[in-house]
Amino acid sequence: DYSIKVKVNSRDEIGNLAAAFNEMANSIYLEETKKREFIENVSHELRTPLSYVTGYTQAILDDVVKGEDQHKYLTLILSESNRLEKLVTNLMDLAKMNNEKLVNQVPIAFAQFLEDFFEQYSLKMKERGFSLSLTVDPDSIIIADESQLKQILNNVLDNAMNYSPVGGVIRVQLTNEREQVILKITDSGIGIPKEDIPHVMDRFYRVNKARSRFDGGTGLGLAIVKQMVVLQKGTVTIESEAGKGTTVRLSFPSVS
Ligand code: ADP
């Protein structure tokens with residue numbers, strides 16, 4: 001029985017949100033035994049930021065927090081709300097993924113696709129103080145869903161920036177190997193300790209927060225990547241060294 005419900009005893013909207021989460025959990029394909037764990041995780045992840053939001057708001061309303069401190073607490077409320085928003089978006093992505101009506105796999109010229117993608121994404125990188133080194137082998141065709149492919153790239157590249165000092169170079173390399181197209185995304189950031197590497201693609205898994213300047217994550221980004229890559233019949237592996245950097249290696253079957 002996986003019917004552990006998210007318990008939020010608060011206003012209607014929050015109750016509705018909790019109900020939506022429960023429904024989402026049911027629509028995401030999971031083995032029965034994993035469902036219980038998933039709902040417990042979602043409940044926890046949902047309750048933590050919500051309790052900050054309600055607690056801080058109440059403190060401000062009760063005049064417990066005054067003057068300059070109010071600004072600090074409002075900033076915390078905003079950041080916890082942003083975190084909730086990300087969580088909802090990520091959960092929606094997980095739920096949508098297995099909906100066949102929304103998946104549209106077509107032949108994609110990968111090198112061209114990457115160049116188009118980075119025309120946009122490199123602007124985001126620049127804004128955040130990172131630069132891109134892109135190298136592509138002549139075109140090969142893969143069969144994939146374009147929007148899922150974009151989401152895979154977004155999640156991996158967002159991580160590359162989130163877990164690296166500003167000013168770094170992110171290397172993206174596309175090569176053809178036999179019947180596979182290999183895409184490597186390499187950063188020179190904080191890296192992942194050896195013992196954590198096998199777990200970072202698990203839902204809600206995050207490496208010790210204290211190590212990272214980035215604390216806005218949900219722990220769902222790589223779980224989404226893993227699931228989406230598998231849907232495109234690909235594989236994903238991570239090589240990393242703490243303090244040196246990380247390479248995410250994506251591999252997809254090519255049809256040319
Ligand atoms: P999050 O929302 O926390 O970024 P992810 O599922 O995307 O969740 O990643 C899980 C965890 O793996 C992160 O919290 C981080 O600790 C670690 N991680 C992911 N990508 C990188 C990277 N490029 N460099 C260092 N650590 C990373």
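# Notebook: the ligand and helix α6

**Entry 1, the ligand.** I began where an oxygen atom of the ligand comes 3.1 Å from a polar backbone atom of Val-207. Taken alone, the ligand exposes 530 Å², and the protein buries 94% of that. These areas come from the Shrake-Rupley method with a 1.4 Å probe, and for residues only the protein chains shown count as cover.

A note for anyone new here: this is a predicted model, where local features need pLDDT of at least 70 and side-chain atom pairs count only at pLDDT 80 or more, while totals for chains, interfaces and linings use all residues. Residues are numbered from 1 along each chain as its sequence is written, and side-chain values use heavy atoms, with hydrogens and water left out.

**Entry 2, around the ligand.** I looked up two side chains next. A polar side-chain atom of Arg-206 lies 2.5 Å from an oxygen atom of the ligand. For Asp-187, a polar side-chain atom is 2.9 Å from a nitrogen atom of the ligand. I found 16 residues surrounding the ligand (a heavy atom within 4 Å of it). The closest are Asn-159, Tyr-163, Arg-206, Thr-218 and Leu-222.

**Entry 3, helix α6.** Leu-222 led me to α6, which spans residues 221–231. Helices here are DSSP runs of H or I with at least four residues, strands are runs of E with at least two, and both are numbered from the N terminus. Which residues of α6 are buried? I noted Leu-222, Ala-223, Ile-224, Val-225, Gln-227, Met-228 and Val-229. Buried means under 20% relative accessible area, exposed over 50%, and partly exposed in between (1.4 Å probe, protein chains only). Their cover includes α3 (68–97), α5 (146–162), β6 (235–241) and β7 (245–253). Just after α6, I saw that Lys-233 takes a positive phi of about 65 degrees.

**Entry 4, Gln-227.** Is Gln-227 buried or exposed? It counts as buried because its relative accessible area is 18%. Its side chain makes a polar contact with the side chain of Arg-203, at 3.0 Å. Such a contact is a pair of N or O atoms within 3.5 Å; within protein, one must be able to donate a hydrogen and the other to accept it, and residues adjacent in sequence count only if both atoms are side-chain atoms.

**Entry 5, the whole chain.** I finished by stepping back. The chain has six helices and seven strands, running α-α-α-β-α-β-β-α-β-β-α-β-β from the N terminus. Of its 256 residues, 41% count as buried. The chain exposes about 14300 Å², and carbon and sulfur atoms supply 51% of that.

Definitions and conventions:
Contact means heavy atoms within 4.5 Å.
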